[in-house]
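Here's a quick walk through one protein model, with an eye on its rings, its cores and a few backbone oddities. Keep the structure open next to you while you read.

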Amino acid sequence: EGDKVEARYRGKSRYYPGRIRRVHSDGTFTIDYDDGEKETRVDPSLVRLLEAKGRSGVDEDDIDEVLKRLKQQVIRAVEDKGLDFIECFEHFDENGDGALDERELQDGMRKLGIDLTRNETRSLMDRFQHSSRRGVIMYRDFVKALKIPRREEDTSSVERELRDELQRLSETRSGRPNFGRLFDEIDRTGGGQIDRREFRRMLEKLDIRLSSRDVSKLMYKFDADGDGMISYREFVDFIDKPTSSRSRARSRSRSRSRSRSRTPSPLS
């Protein structure tokens, strides 16, 4: 039921497009034609299949239309409201971990006025699956599935600020913080990698406050393979990169005034 078909209306020679509404126990069909006509007990010999729905009963054409509408809203938010793609992604990312699960995607679409069933949401999730982390949508998945031209984010200022703050900590009387031990404390799985939420926790333990947007930018910069994780080696290499004393002075001034912020529902 729900499959797209063409059928010979009332046994005529011409085929008319429609959709199967019901399959009867005797093998015949009730068909709703695209022109508004309806016919019951149509013999299978008069019907030819155009496109079957997936096993979940979801019309893939409908999912194509959902993706199109979502892309239009993202582009409009970027062009008219001056937002960036990271902020659009964060419209869905309710818990701020840098990955969208099925519930977050469904809730985010509902906020945009697009109500999806659970099966439709799962089918939409499948369209976004490109990274190695199954069951979630990463930022790169989001951009790639919507076919949005990739635009590199300018992370130079926030990179400089974070590096300067970390190096400033290294110059205190108590000596350089034990970043390895701190990283291990935050790394719940012990795999030598942390996700965005863990990255934020580590910065908070160091008393370094960055906005959600800046954390996202840094994760995007660090996360070369798009799996939403940052390794300890990448973090240490970043810290040890040289910076100027003048830059450190500017960073201290900015960090005192910076507060954590999050833009609610930027697409709506």
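A charge counts as sitting over a ring if NZ of Lys or CZ of Arg is within 6 Å of the ring centre and within 35 degrees of the ring normal. R48 and Y15 fit that bill: the charged end of R48 sits over the Y15 ring, 3.8 Å from its centre. Bear in mind that you're looking at a predicted model.

**The cores**

Which residues have the most contacts inside the largest nonpolar core? They are L70, V74, M109, L124, F128 and F142, in a core of 28 residues. The elements giving two or more residues to this core are α1 (60-81), α2 (85-92), α3 (102-111), α4 and α5. Of these, α1 gives the most, with 7 residues. Another core, of 22 residues, lies apart from that one; L162, L166, I186 and F235 are among its members. As a rule, in soluble globular proteins nonpolar side chains tend to be buried together.

**Rings in the core**

The model has 5 aromatic pairs. One of them is F128 with F142, a stacked pair with 6.1 Å from centre to centre and 10 degrees between the planes. This pair ties together distant parts of the chain, since F128 belongs to helix α4 (residues 118-128) and F142 to helix α5 (residues 139-145), 14 residues apart. Are these two rings buried or exposed? Both F128 and F142 are buried.

There's also a bigger picture here: ring pairs link F89, F92, F128 and F142 into a cluster. If you set aside the neighbours within four places in sequence, F142 touches L70, V74, F89, F92, F128 and I137.

**Backbone oddities**

Most residues other than glycine have a negative phi. Here are some with a positive one:

| Residue | Phi | Where |
|---|---|---|
| R10 | near 55 degrees | loop between β1 (4-8) and β2 (15-23) |
| R41 | near 55 degrees | strand β4 (residues 38-42) |
| D207 | positive, near 60 degrees | follows α8 |

R10 is exposed, with a relative accessible area of 64%.

**Around helix α8**

D207, from the last row of the table, comes after α8. Which residues of helix α8 (residues 196-205) are buried? The list is R196, E198, F199, R200, M202 and L203. So if you're scrolling along that helix, note that charged names such as R196, E198 and R200 are on the buried list along with F199, M202 and L203.

Note on methods:
Residues numbered from 1 in each chain as written. Predicted model: local features only at pLDDT ≥ 70, side-chain atom pairs only at ≥ 80, totals over all residues. Heavy atoms only, no water. Buried < 20%, exposed > 50% of the residue type's maximum accessible area, 1.4 Å probe, protein only. Helix = DSSP H or I, 4+ residues; strand = E, 2+ residues; numbered from the N terminus. Phe/Tyr/Trp six-rings, centres within 6.5 Å; stacked < 30°, edge-to-face > 60°. Core = buried A, V, L, I, M, F, W, Y, C linked by side-chain atoms within 4.5 Å. Contact = heavy atoms within 4.5 Å.
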